[in-house]
Amino acid sequence: LTVRERGTFVLLSIVVFMGLYLYSGVHICADYQQYLEMHINREPGYPMFLLLLRTIFGGNEIYFSVAAIVQSIFIALAIAYITITVSELFGLDRLCRFLVWVIFLVPSLVTALLSQTHLIISCSIISEALTFPMFIIFVGLLLRACFGEKNNGRYWIASMIAAFLSSFVRGQLMPMMMVCALLWIVDVIRRRNDSGKMIRKISRCAAIVAFMGLLFAGRLLMIKSYNLYFSGSFVNNTYGSVSFSVQAMFVADEDDIRYISDERTRHMFPIVYQEMQKSKANIDYVGSDDIRNIAYYIEDKHDGVKYYCVEGPTREYLRTLGMQDYVEQNIEIDRIASNMSRAVLSHHLGGWLRDYFGISINGLIRSIAYDKSVLTAVAVCLYCIAVIMQIVLWKRDHESRSAYL
């Protein structure tokens, strides 16, 4: 693409997202106070972003507007970047370039125009406002690494670093580092024109694994240091184990308490179990063996169970023990939830894997259509068409970039 063509996508993207900002202004979402308080449950990326703006522009709320503008420009640049990347790598003509650009605009426009909240993510004080463009940039770098020329090592490194930085904004994106490392290893092994010996490839793969391990260790150290500075405890972000325990306890039996030795966990397990029974948050209440129906049921119950069956009763129990510090409570709640999950999964791993598979399927479908009716069939058909097209393209040309895309 020429400089003019690249500039056109950048300009168009900025115009669209700044237009959305002028149309809607700033959305203050429910969790914003936790970002401002550097809450121990929240990854440090977005709170630090707001802290930086607050430091530069003062304590008044003008920095919210600045944040929305920066976020809007950031996502505009990310969409322009991925459009340019796909266009250059796959030799798209002018019409296809425009269609790719529109496709990447759609998620932001759908929530703004069709959702009940009419939320414009780029204009909201919410961590997803940074997560979305960071993920797009990661995908663009990964595409350049996978389909670029032989000397593409800098894009692999950049992809890993992009995944690393994204995980500071949204912890659920941590697996991107493992996916990137795996693809990098596959790329090292499959390069036919690599003149190096096998020992060289093995050493490169070992270096990739070491690099990934270094990033994971560095992330953990940085988050613990962040929590030590702002919360007074050298620990990882809390609440992850609480969220995970909901799915584990969904397949639990009352007798699973016999697998627990920790005193506090033994005390809380029957309480949590009974509270979940009252909420009918157990596999026995689904009334169906269909894994997607089970997944829908879990998703519907998830937040209520997390707040009212696990966190709330456990926090109250810790108060009766004299533990009044909020951060200490969070750390102990996470520990107890983790103990319950391990006890349950040691004997119900199969049921949990089934539920996880169903939730994953729902996630793939919701990437296209958030609906349980005819649009589900449409989403499944689109995936089937994509797989068939990939197979056909790959059979025609094993080196086809379009097949891998």
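Biologist: How do you know that R219 lies over the face of F168?

Modeller: In this predicted model, R219 is 5.8 Å from the ring centre of F168. The cut-off for a charge over a ring is 6 Å for CZ of Arg, together with a position within 35 degrees of the ring normal. R219 therefore counts as lying over the face of F168.

Biologist: How many aromatic pairs does a search of the whole structure find?

Modeller: The search returns 17 aromatic pairs. Ring pairs also link Y32, Y63 and F64 into a cluster.

Biologist: Why is the pair of W156 and W184 called stacked?

Modeller: A pair of aromatic rings is described by the distance of the centres and the angle of the planes. For W156 and W184 the centres are 6.0 Å apart and the planes stand at 5 degrees. Pairing requires centres within 6.5 Å, and stacking requires planes under 30 degrees apart, so both conditions are met and the pair is stacked.

Biologist: Where in the chain do W156 and W184 lie?

Modeller: W156 belongs to helix 7 (residues 153-166) and W184 to helix 8 (residues 175-190). With their positions 28 residues apart, the pair links distant parts of the chain.

Biologist: What makes the pair of W184 and F211 edge-to-face?

Modeller: The centres of W184 and F211 are 6.4 Å apart, with 90 degrees between the planes. The distance is within 6.5 Å and the angle is over 60 degrees, so the pair is edge-to-face. This pair, too, links distant parts of the chain: W184 is in helix 8 and F211 is in helix 9 (residues 198-231), 27 residues apart.

Biologist: Are W184 and F211 buried or partly exposed, and why?

Modeller: W184 has 12% relative accessibility. Since buried means under 20%, W184 counts as buried. F211 has 23% relative accessibility; between 20% and 50% a residue is partly exposed, and F211 therefore counts as partly exposed. W156 is buried as well. Over the chain, buried residues make up 43% of the 405 residues.

Biologist: Why is the chain called as compact as a globular protein of its length?

Modeller: The secondary structure comes to 15 helices and 2 strands. The radius of gyration is 24 Å, and the globule rule gives 22 Å for 405 residues; the two values are close, so the chain is as compact as a globular protein of that length. The C-alpha trace spans about 70 × 55 × 50 Å along its principal axes.

Biologist: What supplies the exposed surface of the chain?

Modeller: Of the roughly stated total, about 21,500 Å², carbon and sulfur atoms supply 64%.

How values were computed. Residues numbered from 1 in each chain as written. Predicted model: local features only at pLDDT ≥ 70, side-chain atom pairs only at ≥ 80, totals over all residues. Heavy atoms only, no water. Helix = DSSP H or I, 4+ residues; strand = E, 2+ residues; numbered from the N terminus. Buried < 20%, exposed > 50% of the residue type's maximum accessible area, 1.4 Å probe, protein only. Rg over C-alpha atoms; globule rule 2.2 N^0.38 Å. Areas by Shrake-Rupley, 256 points an atom, 1.4 Å probe, with all protein chains shown as cover.
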